[in-house]
Amino acid sequence: MLPKPGIYYFPWEVSTGQVPDGGSLRTFGRLCLYDMTQSRVTLMAQHGSAQHQIVICTKWVEPFEVQVGSLYTVLGELEHQKDGQFVVKARVLTCVEGVNLPLLEQAIKEQRMYQQEGSSNQ
């Protein structure tokens, strides 16, 4: 059986715990740190005046070419750790440097509105 395709969440929704545990998700952020020994990447995103960080486990996608400072999208499953933090176990980690972030955010909002309209019509 194939895993679910993943719902787009904004990085600030992931970092503040608004995503169900174990759920498939897609999100994005700038790669600011790569710890090869622990197979972890930290993505950052700005929302208003706040910086949001997401920790990504990269064991399933290694080896990959790391471009610190570049924009990445991730598809994976969210896990709550014992220390209260969240980790996304990546199935796909893609460098998408050059993507227009405001347009991506608008597309996610439009997709949500479309899906809400579809579910309310049934």
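In which strand does Thr42 lie? Keep that question in mind; the exercises below work through a predicted model, and Thr42 comes back in Exercise 3.

**Exercise 1. List the helices and strands of the protein in order, from the N terminus on.**

Step 1: Start with the count. The protein has 2 helices and 6 strands.

Step 2: Now put them in order. From the N terminus, the elements follow the pattern β-α-β-β-β-β-β-α. Reading that pattern, a helix comes after the strand at the start, and another helix ends the list.

**Exercise 2. Work out how the strands pair, and in which sense.**

Step 1: Begin with β1, residues 7-8. This strand pairs with β2 in the parallel sense over 2 bridges. Tyr8 is the residue that stands opposite Arg26 in β2.

Step 2: Follow β2, residues 24-35, to β3, residues 40-47. These two are antiparallel and share 5 bridges. Asp35 and Arg40 stand opposite each other here, with Arg40 in β3. The hairpin has 4 residues between the strands, and Ser39 takes a positive phi near 55 degrees.

Step 3: Look at another partner of β2. Strand β5 runs antiparallel to β2, and 7 bridges join them. Gly29 has Tyr72 of β5 as its bridge partner.

Step 4: Go on from β3 to β4, residues 50-57. They pair in the antiparallel sense over 8 bridges. Gln46 stands opposite Gln51 in β4, and Leu43 stands opposite Ile54 in β4. The hairpin of these strands has 2 residues between them, and Gly48 in the turn shows a positive phi of about 65 degrees.

Step 5: Finish with β4 and β6, residues 86-95. This pairing is parallel and holds 3 bridges. Val55 is found opposite Val87 in β6.

**Exercise 3. Decide whether Thr42 and Thr73 are buried or exposed, and name their contacts.**

Step 1: Place Thr42. The opening question has its answer here: Thr42 lies in strand β3.

Step 2: Compare its accessibility with the cut-off. Buried means under 20% relative accessible area. Thr42 has 11% relative accessibility, so Thr42 counts as buried.

Step 3: See what surrounds Thr42. Apart from residues up to four places away in sequence, Thr42 touches Arg30, Leu31, Cys32, Leu33, Gln53, Ile54 and Val55.

Step 4: Repeat this for Thr73, a residue of strand β5, which spans residues 71-80. Its relative accessibility is 16%, and therefore Thr73 counts as buried. Setting aside neighbours within four places in sequence, Thr73 is in contact with Tyr8, Thr27, Phe28, Val92, Leu93, Thr94 and Val96.

**Exercise 4. Find the contacts of Leu33, and its distance in space from Leu103.**

Step 1: Locate Leu33, which lies in strand β2.

Step 2: Name the contacts. Leaving out neighbours within four places in sequence, Leu33 is in contact with Arg40, Val41 and Thr42. Thr42 is familiar from Exercise 3, where Leu33 was among the residues it touches.

Step 3: Turn to Leu103. Leu33 and Leu103 are 70 residues apart in sequence, and their C-alpha atoms lie 25 Å apart in space.

**Exercise 5. Check whether the radius of gyration agrees with that of a compact globule.**

Step 1: Take the expected value. For 122 residues, a compact globule would have a radius of gyration near 14 Å.

Step 2: Set the value for the protein beside it. The protein has 15 Å, which agrees. Along the principal axes, the C-alpha atoms fill a box of roughly 50 × 35 × 30 Å.

Step 3: Turn to burial and contacts. Buried residues make up 34% of the 122 residues. Among contacts with a separation of 6 or more, 52% come from residues 24 or more positions apart.

Step 4: End with the surface and the charges. The accessible surface comes to about 7700 Å², and 53% of this area belongs to carbon and sulfur atoms. There are 10 positive and 12 negative charges, and their mean positions are 5 Å apart.

Technical notes
Residues numbered from 1 in each chain as written. Predicted model: local features only at pLDDT ≥ 70, side-chain atom pairs only at ≥ 80, totals over all residues. Heavy atoms only, no water. Rg over C-alpha atoms; globule rule 2.2 N^0.38 Å. Buried < 20%, exposed > 50% of the residue type's maximum accessible area, 1.4 Å probe, protein only. Contact = heavy atoms within 4.5 Å. Areas by Shrake-Rupley, 256 points an atom, 1.4 Å probe, with all protein chains shown as cover. Lys, Arg positive; Asp, Glu negative; His and termini not counted. Charge placed at Lys NZ, Arg CZ, Asp CG, Glu CD. Pairing = 2+ DSSP bridges.
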